[in-house]
Amino acid sequence: LHLWEPKAEAPATTSTTGQPRPTLADAFEVTDRWTNLGPITDFCTKEDTDGLTNQIITCSGAGEKSGSLRFIEMGIPVEELGSSEGFGNVLGMWALGSHFLVLTRSNSTEVLRISECQSGDGDFSLEVWAKTAGLQLEEETLLCCGVCDRVVIQVTQSGVWAMNSENLAPVSEWTAGAPFLTASEMRGGQGVMLATQKGDVYAIDFQEGSQRLISAGEWQLRSEPSCLAATTPWCAAGLWSDELVIWERKKDFWQSLTLPTLPRSLAFLRFSAAHEPELRLFAGLCDGRVSVVTVDGAWRLQHTVAVGLQPVQLLPFPGAADVETDMGPKLPWGQPCEGAQEQDRLLAISGKGSILQAQSQRVLRWQICLPSMSHAAFFSHGFGCIQHCMAFISHERLLLALLRLGQRIDVRTVPLPQAPRRICYHTGSRICVVGCSDLPSISTPDMPRTRSRANVQFVHSETTDLLGTMTLGQDEMVASVVAVTFAGDCTEYIAVGTAIVLDNEPEPSRGQVLLLALRGDTSVQTAKCGLDEEPPFRLVCTLEVPGAVYTLVAFQQMLLGAVNNRLQLWNLKSGQLVEVCRYSAGVIVLDVQVMGSHILVGDIMRSVNLFRFEDSSLKMVAYDEISAWSTSVDMLSDNHFLCADDGGNLLALSRGELTASVGDVRILERVGRIHTGEFMNRFRPGFFALRVNEPRVKTTIWASASGAFGVIVPVNCEKTFMRLLMLQDCIRRELVPMLTHSTLRDTLQCRPALCAKDCQLFF
């Protein structure tokens with residue numbers, strides 16, 4: 001989908017001028033694009049370790065050419081100002097002043113000057129700046145930063161060099177005998193910290209009065225450091241022994257902590273607390289996680305969040321209070337607390353960029369809408385006439401850009417050799433298990449139907465690499481897939497339900513349940529497998545069933561499945577699936593949802609049925625007496641349910657104390673109906689936007705065959721609910737008799753149900 005806007009100097013759009021009518025490209029320009037997601041046959045949600053954001057992964061497209069997975073999440077939009085190719089093998093990047101960009105590679109440093117073209121059309125030019133008497137270009141740069149208004153510092157393996165930020169003329173230098181391995185900026189001060197391989201740590205300050213670099217402190221670590229960080233009055237060092245050492249500059253206080261793995265970057269961060277800013281220490285680890293360390297008398301490890309798979313770089317990021325643009329609403333992360341001395345946000349780079357913000361008990365994370373990010377730099381003094389400009393390196397391309405206000409849907413497309421049909425997410429390995437198949441071909445007397453073989457493909461959710469493929473039998477199709485754990489076994493299994501589809505059978509009479517487990521060698525989780533290599537999952541056991549396994553769901557540490565019109569419950573004993581109980585539930589069971597001991601069944605013709613599992617058996621407790629061709633169902637609670645039918649309607653059903661009953665079985669009451677116009681084929685619990693201060697409520701995401709998806713949110717505020725209920729009653733009184741959807745819009749064109757003024761009375 002393309003969004004077009006008229007050009008400022010568009011040609012005439014009529015033929016009265018004697019000229020031919022212009023084309024669409026002559027009169028309009030493309031301002032935005034949205035990727036078509038349809039048809040969505042299935043999707044799963046991926047919740048972050050902080051439990052705050054969700055990523056939706058959809059099975060989209062059909063056929064060999066267009067079958068794909070779509071990774072969808074909300075992110076911060078990026079406005080590109082300019083770009084340039086050929087920036088591979090870059091080891092570090094820093095912005096100096098408002099026009100210089102320092103890039104370092106192995107044993108060399110390069111300075112680029114960025115200037116705006118004189119044409120005034122917003123283009124920029126890049127040139128290698130040769131007037132760099134103060135910079136050491138023959139060495140690899142460890143750090144570049146500003147220490148005061150007109151002085152910047154370069155740290156190399158041989159020493160520290162201070163220079164003027166306007167012309168890069170030398171000001172002062174400081175050297176030592178041993179080569180330096182790592183360095184860090186002193187936040188809240190005017191200097192840097194640097195360390196040698198032997199563990200010698202130096203604090204170097206710049207004195208504005210004498211314009212000199214001086215040594216302000218020396219310490220000795222017990223092993224080689226991997227990274228440093230400093231803020232007044234604290235210092236921290238990550239060691240190659242997976243340790244974190246924290247000390248005070250002017251006091252004899254030292255403390256060591258053990259981290260989950262090797263730290264590769266450190267950053268102190270102050271977040272806005274209720275009374276005064278509190279200090280946190282962020283440690284970017286080599287496996288793509290970030291550990292948060294807090295101080296309360298003593299330093300302790302608070303929690304760890306995942307931001308990627310590659311070693312994490314941490315870059316202090318400016319707050320949102322200084323960002324002023326005319327595009328959209330406020331930035332999603334709000335404004336810092338008044339009186340905070342330091343910004344409370346970080347840019348974490350681990351293959352892609354994320355903005356982290358500290359709160360008292362958690363860390364908020366926002367994805368940046370760039371497909372890849374290896375380095376970033378912030379022009380703290382602005383870039384020309386543009387404030388808050390940033391430089392990124394993405395896919396060996398230098399990008400000058402702005403982070404814009406609001407949030408945007410970011411879609412990554414991963415093509416697959418076959419059309420994906422079913423999907424689930426394996427949390428332990430972060431692998432998406434996808435059931436794929438070819439489109440069925442039409443059989444004719446001259447050309448019989450091609451017999452295809454479906455397969456199960458394993459795609460890593462972070463790298464999007466195809467890790468392996470498991471091919472199924474002839475005429476066997478994947479009908480369902482789910483992640484499940486069993487009682488007394490901590491292994492997270494993958495259960496795949498299949499159906500053997502034959503031309504002479506109107507409904508499959510045979511199928512299988514395949515139980516898969518992750519292999520012991522987890523190296524396949526991060527390495528792309530070749531075609532001849534084994535997939536990351538192995539087959540544990542198989543179970544033949546008399547029908548198609550249309551749906552599978554984890555239920556009370558057991559596996560619940562729908563085989564044609566039967567509900568069957570299995571448990572894992574001695575490496576085999578053993579049946580616990582079964583129940584004939586209807587015509588064809590298409591969808592099953594569970595909550596507690598209750599099971600909601602969506603039937604192809606008989607709407608929904610509610611069951612309860614007790615005493616090792618299934619018992620029906622409620623049903624909908626009105627027929628509906630249901631496509632998917634969802635449980636909002638033990639007494640409130642959703643049902644989507646093939647007519648694009650969403651039905652709300654209730655099981656209350658006052659509803660009618662037949663014996664011990666109650667009849668579900670239809671308490672709501674809305675025509676969505678979408679063929680909803682899947683409901684999943686989750687949410688698709690970051691909720692910072694809202695209480696956590698159960699929300700439901702739905703997806704349709706046309707490629708649409710949405711969120712169903714309960715109304716928790718009773719006052720808001722009553723206002724909506726009053727508005728609904730007014731509409732119902734106005735529309736007497738009640739209109740069907742087919743005639744509603746025609747009626748509204750000649751007689752509005754409620755005017756906008758009437759609606760404003762309620763809100």
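The charged end of Arg113 sits over the ring of Trp129, 5.0 Å from its centre, where a charge is taken to sit over a ring if NZ of Lys or CZ of Arg is within 6 Å of the ring centre and within 35 degrees of the ring normal. A second arrangement of this kind involves Arg412, whose charged end sits over the ring of Phe71 at 5.1 Å from its centre. The model is a predicted one, in which local features need pLDDT of at least 70 and side-chain atom pairs count only at pLDDT 80 or more, while totals for chains, interfaces and linings use all residues. Residues are numbered from 1 along each chain as its sequence is written, and side-chain values use heavy atoms, with hydrogens and water left out.

The protein chain contains 4 helices and 59 strands, these being DSSP runs numbered from the N terminus, with helices (H or I) of at least four residues and strands (E) of at least two. Of its 763 residues, 49% count as buried, where buried means under 20% relative accessible area, exposed means over 50%, and partly exposed lies in between, for a 1.4 Å probe and protein chains only. Among the contacts in the protein chain with a separation of 6 or more, 51% are accounted for by residues 24 or more positions apart, a contact being heavy atoms within 4.5 Å.

A useful place to enter the fold is strand 11, which spans residues 141-148 and is mostly covered, with 7 of its 8 residues buried. Strand 11 runs antiparallel to strand 12 (residues 151-156), and 6 bridges join the two; strands are said to pair if DSSP finds at least two bridges between them. The two strands form a hairpin with 2 residues between them, and within this pairing Gly146 of the one has Val152 in strand 12 as its bridge partner.

The largest nonpolar core has 31 residues, of which Val155, Val160, Val192 and Leu194 touch the most other members; such a core is a set of buried Ala, Val, Leu, Ile, Met, Phe, Trp, Tyr and Cys residues joined through side-chain atoms within 4.5 Å. Several elements give two or more residues to this core, including strand 7 (92-96), strand 8 (100-105), strand 13 (159-164) and strand 16 (191-196), as well as strand 11 and strand 12. The largest share, 6 residues, comes from strand 11. A second, separate core of 18 residues includes Val90, Ala95, Leu103 and Phe379. In soluble globular proteins, nonpolar side chains tend to be buried together. Looking more closely at Val192, one finds that among the residues it touches, not counting those up to four places away in sequence, are Leu143, Cys145, Ile153, Val155, Val160 and Tyr202.

Aromatic rings provide another set of links, for the structure holds 13 aromatic pairs, in which rings of Phe, Tyr and Trp (its six-membered ring) have centres that lie within 6.5 Å. Ring pairs link Trp234, Phe253, Phe268 and Trp299 into a cluster.

The cysteines tell a separate story, since a search of the whole structure finds 0 disulfides, a disulfide being a pair of cysteine sulfur atoms within 2.5 Å. Cys44 is in no disulfide, and the nearest cysteine sulfur, that of Cys432, is 5.0 Å away. Cys44 counts as buried at 6% relative accessibility, and Cys424 is likewise buried, with a relative accessible area of 6%. The sulfur of Cys424 is 7.1 Å from the closest cysteine sulfur, in Cys44, which is too far for a bond.

Some loops carry backbone features worth noting. The peptide bond from Gly38 to Pro39 is cis, with omega near -10°, and Pro39 is found in the loop between strand 2 (28-33) and strand 3 (42-47). Another cis peptide bond joins Thr232 and Pro233, with omega about 0°, and Pro233 has its place in the loop between strand 19 (225-231) and strand 20 (234-239). Thr464, a residue other than glycine, has a positive phi near 60°; Thr464 is in the loop between strand 37 (455-460) and strand 38 (466-471) and counts as partly exposed at 23% relative accessibility.

Finally, Ser380 lies in the loop between strand 31 (375-378) and strand 32 (390-394) and is exposed, with a relative accessible area of 54%. The C-alpha atoms of Ser380 and Ser98 are separated by 7.6 Å, although the two residues are 282 residues apart along the chain.

Technical notes: Rings of Phe, Tyr and Trp (its six-membered ring) pair if their centres lie within 6.5 Å; planes under 30 degrees apart count as stacked, over 60 as edge-to-face and the rest as tilted.
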